[in-house]
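Hi,

Here is the structure I promised to pass on. Have a look at it first, and my notes follow underneath.

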Amino acid sequence: MASSASSFPSLPPDSVVAPCPAAKQPQVHWIEIELVAEDGSPIPWEMYTIAIPGRPPENGLLDEQGFARIEQIEKAGDCQVSFPNLDRAAVRFLEELPAKAAPTGPDGG
Amino acid sequence: METKQIGPCDSIAGIAADSGHLPDTIWNHKTNARLKQDRENPYVLAEGDVITIPDKRPPTRPCATSLRHRFQRKAIPDVLNLQLLYEGKARAGLAYELEVAGQKLSGVTDKNGRLSKPVPPNAREAVLKLGKTESYRLQLSGMDPESTETGLRKRLVNLGFLRSVDASAEEFAEARCSFLLHLNEKNAEALPAKLRSSHGA
C-alpha cells in the first residue's frame with residue numbers, strides 16, 4: 001500500500017490516471033478532390049473552392065498531383081466543390097473513390 | 001466578356017487552355033462567328049485578329065465527405081497528328097522520338113505513316129527524330145492564313161519551294177510559279193487553295 005500511494009502522490013481521489021482507450025473520440029470527416037486531364041495525367045495548381053457546411057469556404061490550389069484534401073470536417077454531408085477559374089463546359093465529373101492520402105486524424109480516412 | 005488580340009503563336013486551343021474554357025466554347029461563340037467564317041481553322045489565325053473570350057460559368061458540384069471526387073479537365077492535352085511521307089509514299093513502321101514540352105515521347109508510325117501524340121495545348125515547337133540521322137524541328141503554332149502573304153510564304157518554305165520566309169519578292173514570285181508548275185496548275189488564283197491542300201492546313 002505504501003508503494004502504490006507513492007505512485008500517485010499529487011492526484012486527488014477519482015482522478016483519471018490515463019485516457020481510456022475505449023472512450024469515444026469525436027468523429028471528424030474529410031474530403032478529397034482530384035483534377036486530371038483526358039489522358040489521366042494530373043492538372044496541377046488549379047484553384048478550387050470547397051464550401052463546407054458550418055464553416056467558411058476553403059480556397060486553395062491543387063498540388064502538383066492535381067490533388068487536395070480537407071480534414072477536420074465536423075459534420076458529414078455534402079460540400080460544394082467548385083473550380084472558379086474554369087468554365088463548367090471544360091470540366092467533367094468522373095467518379096467517387098476511396099481516400100488517396102494517408103489518414104492523419106482519428107477518423108482521417 | 002473580354003477580347004484578346006491574337007499574337008504570332010496563338011491558337012484557340014491555347015487560349016482556351018489559358019482561359020479555362022473548352023476550345024469549342026470560344027470558337028463557336030456568336031461574337032466570333034465572323035472570325036470563324038474567315039479563318040475556318042482554329043489553329044490558323046492571323047496576328048492581330050481579335051477574339052472574344054466569353055465569361056466563365058464555374059462548375060459547382062455537391063460532393064459527399066469521406067470520399068475522393070475525381071474531375072476531368074476536357075480538351076487537355078491536345079493531340080499532335082503527323083503523317084510521314086517519302087516521295088508521296090507512307091513511311092510506315094518507322095521508329096520515332098518526339099521531344100515536346102520537355103517530354104520525350106516515342107513510338108512507331110502506323111501503316112499510313114501516321115503518328116498521334118498528346119501534347120500541351122500551348123506547345124510551341126517539337127523535335128522529331130527518326131533513327132540516328134534525321135531530326136526535324138517542328139513549329140506547332142504560328143501558321144498564318146493562306147489569304148495572307150506570310151501565310152503563302154510559310155507554306156512555300158515548308159513545302160520546299162522557297163528558301164526562307166523573308167526571301168526577296170523575286171524569289172517569292174519564282175516559288176509561286178514553281179509550285180503551280182509542279183501541280184500542272186495554270187490558274188494563278190488557285191494558289192492559296194492549292195497551297196492549303198498540299199500543306200495540309
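To start with the contact: how many residues does it take from chain A and from chain B? The contact (heavy atoms within 4.5 Å) takes 42 residues from chain A and 29 residues from chain B.

Some housekeeping before the rest. This is a predicted model, where local features need pLDDT of at least 70 and side-chain atom pairs count only at pLDDT 80 or more, while totals for chains, interfaces and linings use all residues. Residues are numbered from 1 along each chain as its sequence is written, chains are lettered from A and ligands numbered from 1 in the order in which they are written, and side-chain values use heavy atoms, with hydrogens and water left out.

Now the interface itself. About 3,600 Å² is buried between chain A and chain B, and carbon and sulfur atoms give 52% of that; buried area here is the accessible area (1.4 Å probe) that two parts lose on being put together, summed over both. There are 5 salt bridges between the two chains, counted when a side-chain nitrogen of Lys or Arg is within 4 Å of a carboxyl oxygen of Asp or Glu. One of them joins the side chains of Arg57(B) and Asp87(A), at 3.2 Å from N to O. The rule also finds 25 residue pairs in polar contact across the interface, both at pLDDT 80 or more. (A polar contact is a pair of N or O atoms within 3.5 Å; within protein, one must be able to donate a hydrogen and the other to accept it, and residues adjacent in sequence count only if both atoms are side-chain atoms.)

Which elements of chain A give two or more residues to the side that touches chain B? They are S1, S4, strand S5 (78-82) and S6, where strands are DSSP runs (E, at least two residues) numbered from the N terminus. S1(A) gives the most, with 8 residues. By class, that side of chain A has 23 nonpolar, 6 polar and 13 charged residues. For the classes, Ala, Val, Leu, Ile, Met, Phe, Trp, Tyr, Cys and Pro count as nonpolar, Asp, Glu, Lys and Arg as charged, and the others, Gly among them, as polar.

The part I'd look at next is a sheet with strands from both chains. Its 4 strands form an open sheet in the order S4(A)-S1(A)-S4(B)-S6(A), with mixed pairing; two strands pair if DSSP finds at least two bridges between them. S4 (67-73) and S6 (91-97) of chain A stand at the edges with a single partner strand each, so one side of each has no neighbour in the sheet. S1(A), residues 29-36, runs antiparallel to S4(A) over 5 bridges, and His29(A) has Ile73(A) as its bridge partner there. With S4(B), residues 68-73, S1(A) pairs in the parallel sense, also over 5 bridges, and Glu34(A) stands opposite Arg70(B).

Within chain B, S11 (residues 125-130) is joined to S8 (residues 95-100) by 5 antiparallel bridges, and to S12 (residues 134-139) by 6 antiparallel bridges. The S11(B)-S12(B) hairpin has 3 residues between the strands, and Gly131(B) takes a positive phi near 60 degrees in it.

Two backbone oddments to finish. The peptide bond from Ile76(B) to Pro77(B) is cis, with omega near 5 degrees, and Pro77(B) sits in the loop between S4 and S5 (78-83) of chain B. Trp45(A), not a glycine, has a positive phi near 60 degrees, and lies in the loop between S1 and S2 (47-51) of chain A.

Cheers
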